[in-house]
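Let's take a stroll through one protein model, looking at a helix and a few unusual backbone angles. Have the sequence and the 3D view ready.

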Amino acid sequence: MAAKVFQNLIGGEWVDSRSGRTHENHNPADTRDVVGIFPHSDSRDVDDAVSAAKQAFAKWRLVPAPRRAEVLYRAARLLEERKEEYARDMTREMGKVLKETRGDVQEAIDTFYFMAGEGRRLYGFTTPSELPNKSAMAIRMPVGVCGMITPWNFPMAIPSWKLLPAIVCGNTCVIKPAEDTPLSTLNLVRTLMDAGLPKGVINIVFGSGPDVGTPIVRHPDVRAISFTGSSEVGRIIGTMSAEQYKPCSLEMGGKNALIVLDDANLDLTVDGILWGAFGTTGQRCTAASRVIATKPIYRQLAEKVAARAKSLKIGSGLDESVEVGPQINQSQVETTEKYVAVGKAEGAKVLVGGSRLKSGGYEHGFFHEPTVFVDVDNQMRIAQEEIFGPVLSMVACDSFDQAIDYSNSVVYGLSTAIYTRDVNKAYRAMRDLHAGITYVNAPTIGAEVHLPFGGVKSTGNGHREGGIGAIDFYTQWKAVYVDYSDRLQRAQIDTGE
Ligand code: ADP
């Protein structure tokens with residue numbers, strides 16, 4: 001069967017790229033399976049999309065927010081109906097197992113409902129004026145056209161975190177999804193269009209980072225940028241945005257530690273480690289890629305984790321019995337292979353896994369065994385650098401304080417976890433772990449959409465997605481003063497003396 005051909009969405013019309021160039025989207029479990037053919041766009045397509053978004057903004061900003069929210073409620077219900085179909089599309093285009101892609105769609109649904117509720121809040125505030133017969137208030141204004149650049153690992157959830165708060169606040173958007181996962185973003189936006197979103201409020205331009213992402217960031221009519229991806233690319237995007245004084249939200253890498261103390265419930269901890277380290281094949285910015293365990297339990301814990309990791313079923317995520325899918329592409333699986341070699345050269349020991357799978361049904365995909373390293377020194381590269389693959393580095397520590405120091409020793413600060421039954425240590429960890437997220441007796445993954453999501457240090461630049469933090473990013477405050485005294489009143493000068 002010929003592969004389906006998809007188009008950009010610009011001003012509500014489905015159109016080819018101006019150049020007519022395309023690229024194929026492959027199934028990472030079997031690259032012979034072409035999921036679709038997508039436009040490979042350039043700056044001309046970005047110009048068209050920004051112009052459509054700018055035109056749409058003139059009307060959309062005036063639609064009352066509760067009415068804007070009604071589109072989101074309708075889309076949420078449609079997405080519920082389409083959940084299974086879109087989860088299957090997502091597994092086919094990016095590999096993670098169906099249970100997880102259903103979760104990804106569900107996260108978008110949850111975001112729809114949360115952000116639709118914001119349509120009837122978007123609270124500003126009133127406050128007394130310092131002068132008589134004068135009122136003062138602060139109201140939220142939309143920013144304008146917002147540009148979004150998204151990664152492949154949560155290809156519906158992450159676009160929903162950006163697009164939905166943006167549009168409920170009255171902005172319009174141009175989004176460029178990752179080249180490996182165009183279909184899931186298209187499915188999300190198609191649902192909104194079917195729910196009655198006016199033309200041009202969301203525009204999608206497919207293509208590469210340099211050809212489409214950069215022109216979006218550089219376009220003078222794009223007034224805010226939201227990016228999720230690597231810290232390297234985030235630095236480039238943040239720098240480009242700064243040149244035009246554009247607000248820019250960056251959500252980037254992680255090297256998240258899961259701390260295990262002597263008194264932890266070990267079986268519960270093993271469940272958490274497996275899910276945290278090997279869920280999404282380790283390709284989450286919140287993955288538990290380090291375990292820091294106190295010495296008395298370290299060996300026993302490592303053996304238990306290794307035994308379970310060894311028995312994980314690897315294969316196509318479309319098979320319901322599979323627990324670990326492929327990696328996203330050739331370059332990502334090669335990165336995993338490179339880090340396994342680095343870990344060995346540094347003197348760490350592979351307790352289980354360690355190899356790419358290239359035969360026995362795995363030859364057409366990007367499969368790598370779940371891998372557990374022990375005898376890892378905290379200074380080793382495999383304990384410090386983000387791998388984004390199914391590799392877990394287990395570090396032994398002497399004490400609770402050392403565990404906290406080790407966890408904080410990396411350049412990132414996204415997610416952290418601690419397993420303990422000691423409430424005092426749990427509270428100290430909540431206070432002392434330098435990260436945007438801390439879990440107690442749960443793994444490093446599992447963010448809920450109504451809480452702030454993001455991190456510190458090289459993970460982020462101070463913004464948060466999820467919850468009302470997103471509303472703060474997609475609105476700008478305006479202070480409004482109304483003087484009903486019928487005379488000139490001068491703030492700071494007419495002090496009543
Ligand atoms: P990942 O590791 O998730 O692939 P990247 O940071 O490479 O992370 O990519 C995240 C997103 O940023 C993708 O949509 C990608 O196309 C885009 N991107 C990559 N390079 C650039 C760039 N120079 N300018 C703008 N966007 C870029």
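Here's a look at one helix and then at some loop residues.

First, some ground rules: this is a predicted model, where local features need pLDDT of at least 70, side-chain atom pairs count only at pLDDT 80 or more, and totals for chains, interfaces and linings use all residues. Residues are numbered from 1 along each chain as its sequence is written, and side-chain values use heavy atoms, with hydrogens and water left out.

Helices (H or I, at least four residues) and strands (E, at least two) are DSSP runs, numbered from the N terminus. Take helix α8, residues 266–278: at 1.5 Å a residue, its 13 residues should span 18 Å (1.5 Å times one less than the number of residues). Its end C-alpha atoms are 18 Å apart, which agrees.

At the N-terminal end of α8, Asn-265 acts as a cap, with a side-chain oxygen 3.2 Å from the backbone nitrogen of Asp-267. Several α8 residues are buried, including Leu-266, Val-270, Ile-273 and Phe-278; buried means under 20% relative accessible area, exposed over 50%, and partly exposed in between (1.4 Å probe, protein chains only). Among the elements covering the buried residues are β12 (256–260), α9 (295–310) and β20 (415–419). After α8 comes Thr-280, with a positive phi near 55°.

Two loop residues that aren't glycine have positive phi as well:

| Residue | Phi | Loop between | Relative accessible area |
|---|---|---|---|
| Asn-133 | about 55° | β5 (125–128) and β6 (134–142) | 42%, partly exposed |
| Tyr-245 | near 55° | α7 (231–243) and β11 (248–251) | 75%, exposed |

Notes
Contact means heavy atoms within 4.5 Å. A polar contact is a pair of N or O atoms within 3.5 Å; within protein, one must be able to donate a hydrogen and the other to accept it, and residues adjacent in sequence count only if both atoms are side-chain atoms.
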